[in-house]
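Student: I should like to take a close look at one part of this model. Please treat the surroundings of that part in a single connected account.

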Amino acid sequence: MGGPERVQRQHDQGRLTIRERIDRLLDDRSFHEIGALAGFPSYEGDDLVDFSPSNILSGTGTINGRRVVVCGDDFSVRGGAADAAIHLKQIHAERMANELRLPIVRLIEGSGGGGSVKSYESFKRTYIPANPGWDVVVDNLAKIPVVAACLGPVAGLGAARVVTAHFSVMVKETSQLFVAGPPVVRAGMNQDVTKEELGGWEIQARQSGAVDNAVDTEDEAMAQIGRFLSYLPSSVWEAPPLGTSNDDPARRDDELISIVPRERRQVYDMRKILSIVFDRDSLFEIGCFYGPSQICALARLDGHPVALLANDPRVYAGGMTAAAAQKMTRFCDLADAFHLPVVNFVDQPGFVIGVDAEKAGTIRHGARALAAVYQASVPWVSIIVRKVFGVAGAAHGNAHRLNLRYAWPSGDWGSLPLEGGIEAAYRRVLEEADDPDEKRREILTSLEAMRSPLRTAEAFGVEEIIDPRDTRRLLCEWVRDAYRIVPTLLGPRTHGLRP
């Protein structure tokens with residue numbers, strides 16, 4: 001690598017070296033390095049007198065027995081800058097994953113772009129920027145699982161490589177991600193910020209959503225990479241891998257019968273429901289910090305991998321924000337690309353409203369989420385736990401396909417919730433009433449009886465109202481049917497432009 005002094009500096013900053021990372025990511029002794037001799041030699045006559053290795057390491061290995069391609073930056077050589085990389089190694093790794101149809105894992109630390117302006121000294125010229133091999137990087141998103149880890153300060157093209165992935169993870173406090181680092185921001189924008197203030201995990205995982213997950217250690221990051229890949233096939237031409245489960249598919253839990261409060265304004269723990277219904281310890285949440293009213297996770301039902309959507313009533317009552325809609329859109333794309341059947345636990349009161357919501361473009365992002373649901377081709381089932389209202393509620397499933405759904409007795413749905421909808425629908429009546437509050441209560445009482453989900457079921461507006469304790473059994477029966485369909489869906493997906 002960059003020599004003992006630079007390796008020690010890496011350790012002093014609380015970060016592993018690239019070879020240590022690869023050892024922790026891959027199965028023991030499974031790494032086969034490619035291009036180990038690539039670097040920058042100096043010769044005197046025919047004699048090699050000095051050598052600086054490429055700061056890109058790449059090769060193949062296995063994670064839990066499954067082959068993957070891995071490509072990582074060596075920060076101990078020129079800070080991971082691309083002018084010390086020999087970019088053909090990076091392109092070769094991406095192309096190998098593409099043509100062998102293997103997942104690729106990028107371990108990123110550095111700029112990964114054209115290097116600093118010092119490169120002008122060696123080139124003796126400037127150049128028009130281009131990203132060699134980016135066509136393969138983009139094509140990989142449609143064909144193989146792509147995972148990226150942000151493991152130190154990452155800028156420019158390196159940052160683009162992190163976010164151009166199906167799943168990304170960063171390490172709190174020791175990694176940062178930004179378009180340009182503090183020196184460039186200071187010179188160009190007159191803003192004096194630290195790396196953490198500019199691109200730490202709070203910004204990128206919680207506020208911008210540029211990175212999916214944030215963990216405390218690099219070992220956790222490697223573990224999350226392995227776990228994410230365990231739910232996915234090696235390429236879109238394969239079905240997701242079935243696992244073994246010792247969890248009874250017909251298991252019933254009495255806690256489900258009372259977990260949703262009778263008082264509609266009271267919240268409950270949606271994640272508790274999910275942990276009860278799905279195979280024990282099988283939930284792997286993605287993007288929990290961003291758009292938190294929308295839960296996205298991978299999980300298993302009787303060993304079968306599924307994509308899981310759910311609303312969190314503890315955040316905006318589960319309402320759809322612009323961020324939640326973006327998160328949902330991307331997750332639906334992931335599920336559809338890799339043929340993961342979707343289970344949606346619905347408690348959706350509608351779009352979050354107000355001036356801030358309008359400024360955020362909530363309706364556009366919400367329409368994109370609705371399009372993603374309607375363009376998905378994988379089997380889909382919805383469990384209606386409580387609320388389903390408005391256009392956001394209509395995104396619970398595709399009404400023009402087999403919109404398979406099971407409602408709990410706590411179901412509550414319509415165009416608008418009565419509490420707010422009365423103000424709009426009966427505005428003139430309320431304005432003309434001698435006692436508007438009394439009139440509002442009178443109208444609410446008269447409409448309340450129509451709110452019963454049983455009335456909807458009588459008109460076949462909802463197909464089944466079930467005992468919540470039967471949810472796991474019904475979903476395990478459904479997932480077996482779903483996986484009979486999955487082999488007919490293999491191959492890349494295509495869909496039209498989203499608004």
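Student: Which strands and helices do the buried residues of helix 3 pack against?

Tutor: The model is predicted, so local features need pLDDT of at least 70 and side-chain atom pairs count only at pLDDT 80 or more, while totals for chains, interfaces and linings use all residues. Residues are numbered from 1 along each chain as its sequence is written, and side-chain values use heavy atoms, with hydrogens and water left out.

Helix 3 covers residues 87–100; helices (H or I, at least four residues) and strands (E, at least two) are DSSP runs, numbered from the N terminus. Its 14 residues reach 20 Å from first C-alpha to last, close to the 20 Å expected at 1.5 Å a residue (the expected span is 1.5 Å times one less than the number of residues). The buried residues of helix 3 are Lys89, Gln90, Ile91, Ala93, Glu94, Met96, Ala97 and Asn98. Here buried means under 20% relative accessible area, exposed over 50%, and partly exposed in between, with a 1.4 Å probe and protein chains only.

As to the question itself, the strands packed against these buried residues are strand 1 (32–34), strand 4 (56–63), strand 5 (66–73) and strand 6 (104–110). The helices are helix 5 (134–141) and helix 6 (157–163). Contact means heavy atoms within 4.5 Å.

Glutamine 90, in helix 3, gives a view of this packing at a single residue. With a relative accessible area of 16%, glutamine 90 is buried. Leaving aside residues up to four places away in sequence, glutamine 90 touches Ile56, Cys71 and Arg161.

Helix 5 deserves separate treatment. The axes of helix 3 and helix 5 come within 9 Å and cross at roughly 35 degrees (axes are lines fitted to C-alpha atoms, for helices over the stretch in contact, and angles run from 0 to 180 degrees between N-to-C directions). Their crossing is left-handed: the near helix is turned anticlockwise from the far one by less than a right angle, whereas clockwise would be right-handed. Helix 3 contributes Glu94, Arg95 and Asn98 to the contact, and helix 5 contributes Val136, Val137, Asp139 and Asn140. By class, these residues divide into 2 nonpolar, 2 polar and 3 charged (Ala, Val, Leu, Ile, Met, Phe, Trp, Tyr, Cys and Pro are nonpolar, Asp, Glu, Lys and Arg charged, and the others, Gly among them, polar). Glu94 and Asn98 of this contact are also listed among the buried residues of helix 3.

The backbone just beyond the helix is also notable. Most residues other than glycine have a negative phi. Just after helix 3, however, arginine 101 takes a positive phi of about 55 degrees. Asparagine 64 likewise is not a glycine and has a positive phi of about 55 degrees. Asparagine 64 lies in the loop between strand 4 and strand 5, two strands against which the buried residues of helix 3 pack. At a relative accessible area of 63%, asparagine 64 is exposed. Arginine 29, in the loop between helix 2 and strand 1, has a positive phi of about 60 degrees. Arginine 29 is exposed, at 77% relative accessibility.

Helix 2 (residues 18–25), which precedes that loop, packs with helix 10 (residues 218–230): their axes come within 9 Å and cross at roughly 45 degrees. The two helices are therefore oblique to each other; angles under 35 degrees count as roughly parallel, over 145 as roughly antiparallel, 65 to 115 as roughly perpendicular and the rest as oblique. Helix 2 passes helix 10 in a right-handed crossing. Arg21, Arg24 and Leu25 of helix 2 meet Glu218, Asp219, Met222 and Ile225 of helix 10. This contact has 3 nonpolar, no polar and 4 charged residues.

Helix 14 (residues 362–375) offers a second case of a helix with 14 residues, and its end C-alpha atoms are 20 Å apart, in agreement with the expected 20 Å. Its buried residues are Thr362, Gly366, Ala369, Ala371, Ala372 and Val373. Their cover includes helix 12 (322–337), helix 13 (355–359) and strand 15 (380–389). Helix 12 and helix 14 pack at about 20 degrees, with their axes 8 Å apart. That makes helix 12 roughly parallel to helix 14.
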